[in-house]
Each structure stands twice: as C-alpha cells, then as structure tokens.
Amino acid sequence: MFARSHLYRATVGLSIVLITAPRPAHAVDPNQPATSYIRTTFTVEDGLSSNVVNAIVQTRNGFLWIGTDAGLNRFDGRHFTPIYFRGPGSTPQGIVSSLAEGLDGDLWIGTSAGLVRIARLALDRFDRSLSVFYHPGAGMSDEITSLHGTRDGVLWVGTSAGLYRFVGNRFETVIPLAYISRIEESADGHLLVISSQGFIELDGTRVVPHPGLSDQLDLHPGTIVPSGNQLFHVFQDRRGTVWFGTGKGLARRVNGSIERFQPYGSKAPGVHRIYEDPQGNLWVQSVTGMFRVAGAKLEPLAPNIQIRAVSADGEGNLWIGTNGDGLMRFKDRPIRVFTKADGLPNNVPMTVLSRRDGSLWVGNNCGGLSVFNGQRFKTYDQKDGLSNSCVWVLAEGKSGELWVGTWGGGLFRFADGHFVQFTLPQGLPDSVVRAITVAHDGSLWIATGNGLSHMVNGQFHNYTTADGLYSNRVVSVYQDRHGVIWVGTSRGINRMTGDRFAPVLSEHQIFDPRYISLAEDSSGELYALSAPKGIDHIERNQLVEVNHDLDLLSMATSPSGEVWFTGTHGIFRFSAAAFRQNQVGQETTPDYAWYGKADGMASTQCSTGAPNMALTPDGKLWVATVQGLARLDLQHLSFDSAKPAVFLEDVTVGRVRQFPGPELVLPPGTHHVELHFDSISLAWPEKIRFQYRMDDVDPLWLEADNSLTAVYTNIPVGTHAFRIRASNRDGMWDRAGISFQVSQKPYLYETGWFRLVFATVCILALTAAYRLRLRQMHARQKLLEQHHNEITALNDCLMKAQEEERARIAGELHDGVLQQITSLSLMLGTFKRQPDSETKKAEIGEFQKKLIQVGTDIRQLSHELHPAVLQDDGLPAALCGYCEEFSKLRGIPVSCEIDDHLKELSPGAALCIYRIAQEALGNVAKHSKARKVEVRLTRTDGLVCLSVSDDGVGFATDQARDSRGLGLINMRERVRQLCGTLELNSEPGHGTTVRAQVPFRTADLSGH
C-alpha cells in the first residue's frame, strides 16, 4: 500500500535569481566500457525521500525531479528538496509513479491519487497556488500509471482504468477499462501502448494491427498481457529500429525481420524497458539490472539491481531509479587510472616520459622502469640490470637513449636493453638524482642532493655554493630556449652566467621554497613552480608572483595552447588567454578547471618525480600520482563556457527559515541573517566555486565554504545588494554574478527624520543651555562683584574697627591710666613738700589704692587683648573668670553654667567660643539694658554649644541682618571658619539669645 499525494503545501522552497537552460555536455562515452563510468548513489541519508525511485525527469530550468514512494523531490546536484502537495481527499504524501514535462514547460506528476500539474513559473519556487489537480476519471482511474508527452504537445495519461488524452484542459477517454503500463511514440507519430489488453499501436484513434507478432517473438497467443510471459515494452529508436522487451528477453526488428538477443527464451531474464539517451546509447532495463546494447550483445552497467526508472539529463549523466537502492548517477570518467592491475609494479609511479618515438615510460617508486605497449606495462628492474629500482627522474638523450635518475643509486643510461650506471665513483656528487635536463648540445645537467653536475662525454663537472649556488640541495634544473641554465635549490633560484651562478631576486624573503620545477610556456615565458608557494614568473632576473594559492609541481603546454599543471591537490587546466590574464595586480579570480577524485582520480596528490606529467602524440595527458598513473584524453575533454546557474535558495533571519522572495526586508534590530545559495550542476557540483559580498558591508569578495552560506550580523540600515558569483564546472567565472536586495529597516531613532528632529532638538537644547550658562555667568559675575563689594566693605570695617580699637585703647590709657599716673605724679610732688604727719599717711594710703587701680586697669586691658588664662587653664575657667569680672565691672548679674570636660577643646575652637562670648556680653552691656545674663557652655553629640541670653530690651532680627556692625560679622566669620552655625534670636521687649555651635576638636599636643 502506498500513501496518497500531498496538497498545496511547500515547506521548503527557493527563489531562482538566475537559471540557464541545461547545456549539452560530454556524455557517457559509448567507447568506454560501461563498467568504467563513475557511479554515484544517493539515498535517504543524502536527503532523498525514499530509496524506491519510480520516475525521473529534468525540466528546462535544469532541476532534476525524482518521483519516489514517499513523494516528489527536486535535486540541484547537491541538495534534495522535498515538494509536499496534497490533493482533495488524499493523504499528506503518496507514491509518485510517473513524471513528464509538457511542451509548455509545465511539470506533470502522476500519483496514486490523481494527476498534478505544476506550472513552469512555480518550478523555481514551489507555489501551491500555481498547482492544479486533475482526476481523469473516477475510482481506480485516479491511479496514474504512466505519462507521455508527444512531439505535438499532447499529454497522454495511462491509468489503472484506461488511457486518456488531455486536450483543451479536459480529458478524453481513448482506451477504456484497461490497465496502461507503458506509452511510447514511434517515429511516424503513432502511439505504442502496453496495456492489459495487450500491445496496441494507435494511429490517432485507429488501431494498427500486428498479426503474427507473438509468434515472431516466440510468445504464445494470448500472452501479450500483463501476466505470464509478456510483452513489456515496444520502443522505436532514432534510427528506426523497433525494440521489444519481453518476458523472454530482448528482440529488435530490423528491415522487417526480428533479431533476438541471446540468451532468449523462457530461462532468460525478462526485459521491462528500452531507453535511448541523447547520445544514442541504448539502455536495457532487465530483471537482472541495467545493460547497454553493444552491437549484438548486452554490456552490464548495473547488474543485480532492481531498476524502476531511467533517464538522461542535459549534462550527459545517466540517472537510474532503483527499487530500494536509491538514485544512481552514471557519468563519463575523464580520467582513467592505471595501477598494478594494468602491469605496473606498484601503485606509486614517480615520473612519466613520452619519448620521441611515441612510447610511454614510467619510473616507479622502488619498482623499476616500465614501458606501455598500449594495453599493459612491461617493467625493467634489478633482474634486467637496473640495480636501484627507485626511479624518480627520466630524460631522453639526443641519440634516443633513456637517462634514469634514481633515489640512492645515482644515474643510469638505458639503451638497446642495457643499463650503465654512473654514481659517486664516476664523479657524480650524490647518489640521489632529483632532475635531469638534456642540454641543446647533448650534455646533461643533473640536479642532486649535493650540488649540480654537468656531464659531458661521461665526465662530470660539479657546481656548489662556492660557484654561486644558493644551496647544494638542488631540486630542479632547466635550460630555456635561449640556452640559459636555470637552477632551483632549497633556498632560491640561480641563473648561470659564464661559469658561475647569479641569484634570481625576489621581492620577499624566501623560506624553504622547494622550487620543484622550471618551465616555459608556448611564448617562451619562464616560470618557477613551488609546491608550497605556487607559481612565479621570472622577469628580468626577478621573481614576480603569478598565483600563490595553488600548490603546483609541474607545468606543460598542450598543442592547443592550454596550460596544464600538476599539484598536491589535483590537476589544473588553464586556457592560454586565462593564464595570461590571471596575473597579480588584477582583482580577478583565476579561471581554471580542476580535476580530482570526482573525475576518476584515486588520489589528488601528484608525485614529485621529474617529469611527473607527459603529453603523448595521440593527445593524451599522463600524470604520475601517489595512487596510480592517471590518463586524460584531451581530445574528448569538453570546455564549458556557459554561465553557472546560481540561485538564492533560502534565508534564515534569526532562527526562522523563509523564502527569499524578490527582496529581503529585515525588521529593526535584526542581528543574525543567513543567506543560503547554490547552483544547478547535476554532474560536477563539487567543481563549482562561489564568492559573495554585500555592498557597503564586505570590502572584498569572500570565498564561500562548503556550507554555501553567508552569515551577517548587524547589517547597516539601508538597502544593500547581496552579490553571488560562481565558476562553472570548467572553472570559468561569471564575474557579474547575480544580485539580491537586502533592506535593513531602522528603529525610530535610526530614521532620517528622527535624526533631523533630534539634531534640531539638540541644537535648541544647546542654545538654551548656552543662554542659561550666560545667565549663570552673569549672575556669578554679579555675585562676585557683590562679594567683592562685601569684602571691600568688610575690609573697611576691619580697618575702622582697628582704628576704633586703637582709639579706645589710647583713650583708656590717656583718660584712665595716664591721668591716674599724672595724678600720682602730682601727689608724689606734694608729698615731697609736706612734712610727715597723719595726713601724709592717709594720702599715701590713697596713693596706694590709686596705684592698685592702675594695675587693675592695665591688667583688665591686657586680659581683653589676650586672655592668658584661656591658654593656661582652658575655656571653662577662662569663661567663668570673664563672666565674674564682667558682672563686677558692669554690675549685671551673670549666671554661668559650663561643662568642665570642655577643657580639652582645641585652642582655636576655645578662642572662637571665648571671643563670641566676649562679643555677646559686650553687646549686652552696650545695648540690652539687661538686668541679668545667662551663659551656658555644653557639649552634645560631638558639638560644642555656647548660649548667651539676656532679658534686655531686644530688637528685630531683620535689623541685625541689614546691620553692618562689626561684632555680629566677627561672630559669624569665626563660626564659619570652624564649620559651625550661629543663631540670633531676639524680639523687642523679650531679650536676646546668641547661640553658637562648632564641632568638638581635641587640642593637639603642640598646643595649636
């Protein structure tokens, strides 16, 4: 039982940006043995929906479509894409039994639940809206068994219940109630139908009879039916021959007579189908596998495999669908590898040489010297006189003799079947020979591991570093067409000048270049090849880089001008024009074809013997590799110049995979985008090279890796062109490539108008800030001027206060102390004139009192100027003493409450508190008319608090703020210097309180 087909839904799709029509290619070569074709098998592990493949067809856009038991697949040569569709009443997936492309390019799909038509426009990206479902009849007629589009554009549909013709978007019944298994078209347009009613040939609607056909095919009457010994297929090839696939074997009708292929009969395997590919090869589908018609015989291609479908594509590949073994691709083998099975002594040839007589000689790694006779190899080794069989170098002398260089055995001359050895005793500097060049005069130049040797008439002249060589480790030697000798060493290249060697210069320092070989192209330009460094051009005795991306070993030019290279990763072919154009300094990617395992090589690593490549007169190129001797037939190699069919497959934005559509629009804040691209190449997908870049993001073209995915993070806001370019299977680049638009939408703050508005706002804000700053500067200037005026006024006040204080002290001294001293002086004069008496004693006593009063006044004045007791006894004692003296002097009672622990207060803070108390009590005496005063000095929470309260007349505090009195200014300034606060509380008639608070600071040891 099989599942039904799937409706209208595509879970994976792609947008084709550029598709080219399938191009003719060099197909499977009928001259090659069928078993030599390269076979590749694709299974469910490679993405195929099912290993049971029922139908295969290629549409004109290049894709291969595969009908399986699990649905429809599309194949681009690299990836399988499942196409899910579902018809009315069908299950999600079903058997796809047949496929056909209409004359208009539409794809017709025969399923177990009906017929599906996918419009040509939907084939590039599957669009369910462009798919149409048909039911030719009812019931069993929905089961499609075969499809065939004739040359006049009519679609014929075979079902399990009859044959239908699709005309004018409707079905016409042609053969009712018959199981149709095969439909073909003859050269004259007749329809060849295999049905449950037997073989039927239709001329329009007329049945063409075939009397006696069953007897001619040895089929019993009535057996041309789908049971027993049957006639399974009738097919006419392009030459007019009619082929019959029967239960007894294969037969054909030529000139009216039947020819049977042997074996034929009841014991022979039945033949179910005959297929002719575009190149005229006839393929036979038998119950025992797939075979190719070769004359009167059947040549096996895929024996012992159950075949269900066969088809050829536009690139020349043959595709076979199997019953459980998956999808198989057969293609021509450009490279044939000769190994030990072909007569070589081992699978490691080191050097190959084509002699002038057309013979091919091969030197083997410790296997001897082999010659090819056209079919197999004959080998010479120790038994034939070649005492060292590790042959690494071959060269042909002027007289046709063969020179053999070995690894460890020196040099051998081979002529007339005999070997003559030359090694250390004969003058060769080393037993390891790396290269041999036969000079124009017939002499030999021999590269060895211990210098360069020149052999003339059996005599050796050796050159070393003493003669100008870079190194004694000589790897290659070459004489150009002008007769100049060039030598490649392990440290660089030398050019022979006279009898010495001069260095060939390089722009860069050379580190172990290993110049394996030197060669000229057809125009005489000289090149140096290095395995790790690539190829350099020798211009005017200087190395100029040509390409350092390819590890190359040797170079040869074909008669058509193509330049061939061997390397550590395969064989490379350049056209003459491409090789000249691909020079350093041009921003171009080299155009070259690459040959490797996909072309039939067992290993891509070529051997390092000299030479390791040879062109024979029959147009074949022979290359020594580490796993056999490879041969390319240059005359049968195609050179494809068509553009590669590149397309953008899908896009991943974040974690969501989606169709690319005509362009990609990314929402704001997109930080991860993957662009998946590919090309259509059914035969050589591994040969397609890709590069990509995004304008305004990538400064250079980037090489794509095997994932064929470009990953971008934080694409700039705006529209950018994402460009893809690729080379075709022969290395020709389409430098224009394709382009796909990617638009990154901005956040609001990233839009142009927002930036304009933001810039305007910023300018306005800066202008406002500037104006505010100007106002602040003007205000600060005014404040500075005010402070300056205040400071000037304060300075004036201080100078005035100083003068007043001086005047007061002077007045005190003049009016008090000086007058008393004058009085005392007068009294002393009077005492001198008076006699001693009681009156005199009384006057002396009065004199003493006045003298005591003078001392008291002087002491009081001194105490006001500098209270010594403050320094000696501390603030509590000094303040208490001052309060007592103030009370006695002014006659105003003073209540003094002082914390004795404040004795430890620092001198600065103590003096500040003392002076504030002095000033406050002075103001009481001058202005308050108080009857009593209270003085409190306390310490609370790290603060020293002084409070002076009186019960005097008081005043309004706003008058005090406007006052320019020096006393209040002094008090505030003293408190400010100690980071304290000063409070003045007063009301008219309610007295005044002065409260000062300063941080408590302990006196330091120095007493400051």
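Aromatic rings of Phe, Tyr and Trp (its six-membered ring) count as a pair if their centres lie within 6.5 Å, with planes under 30 degrees apart called stacked, over 60 edge-to-face and the rest tilted. This is a predicted model, so local features need pLDDT of at least 70 and side-chain atom pairs pLDDT 80 or more, while totals for chains, interfaces and linings use all residues. Residues are numbered from 1 along each chain as its sequence is written, and side-chain values use heavy atoms, leaving out hydrogens and water.

**View A. Aromatic pairs.** By the pairing rule there are 44 of them. Take Tyr-380 and Phe-419: they meet edge-to-face, 6.3 Å centre to centre with 65° between the planes. Tyr-380 sits in strand S33 and Phe-419 in strand S37 (residues 418-422), 39 residues apart; strands are DSSP E runs of at least two residues and helices are H or I runs of at least four, both numbered from the N terminus. Both rings' residues are buried, that is, under 20% relative accessible area (exposed is over 50%, partly exposed in between; 1.4 Å probe, protein chains only). Elsewhere, Tyr-527, Phe-565, Phe-572, Phe-574, Phe-579 and Tyr-592 make up one aromatic cluster.

**View B. Charges over rings.** Here NZ of Lys or CZ of Arg must be within 6 Å of the ring centre and within 35 degrees of the ring normal. Lys-331 puts its charged end over the ring of Trp-684, 3.5 Å from the centre. Arg-939 does likewise over the face of Phe-1000, at 3.8 Å from the ring centre.

**View C. The one disulfide.** The structure has one disulfide, meaning a pair of cysteine sulfur atoms within 2.5 Å. Cys-366 and Cys-390 form it, with their sulfurs 2.0 Å apart. Cys-366 lies in the loop between S31 (360-364) and S32 (368-372), and Cys-390 in the loop between S33 (377-380) and S34 (391-396). The S-S torsion is about 90°, so the bond is right-handed. Cys-390 is buried at 13% relative accessibility, whereas Cys-366 is partly exposed at 45%. What about Cys-880 and Cys-896? Their sulfurs are 3.8 Å apart, too far for a bond.

**View D. The largest nonpolar core.** Such a core is a set of buried Ala, Val, Leu, Ile, Met, Phe, Trp, Tyr and Cys residues joined through side-chain atoms within 4.5 Å. This one has 38 residues, and Leu-875, Leu-879, Val-935, Leu-937 and Leu-946 touch the most other members. Helix H7 (907-928) is one of the elements giving two or more residues, and its ten are the largest share.
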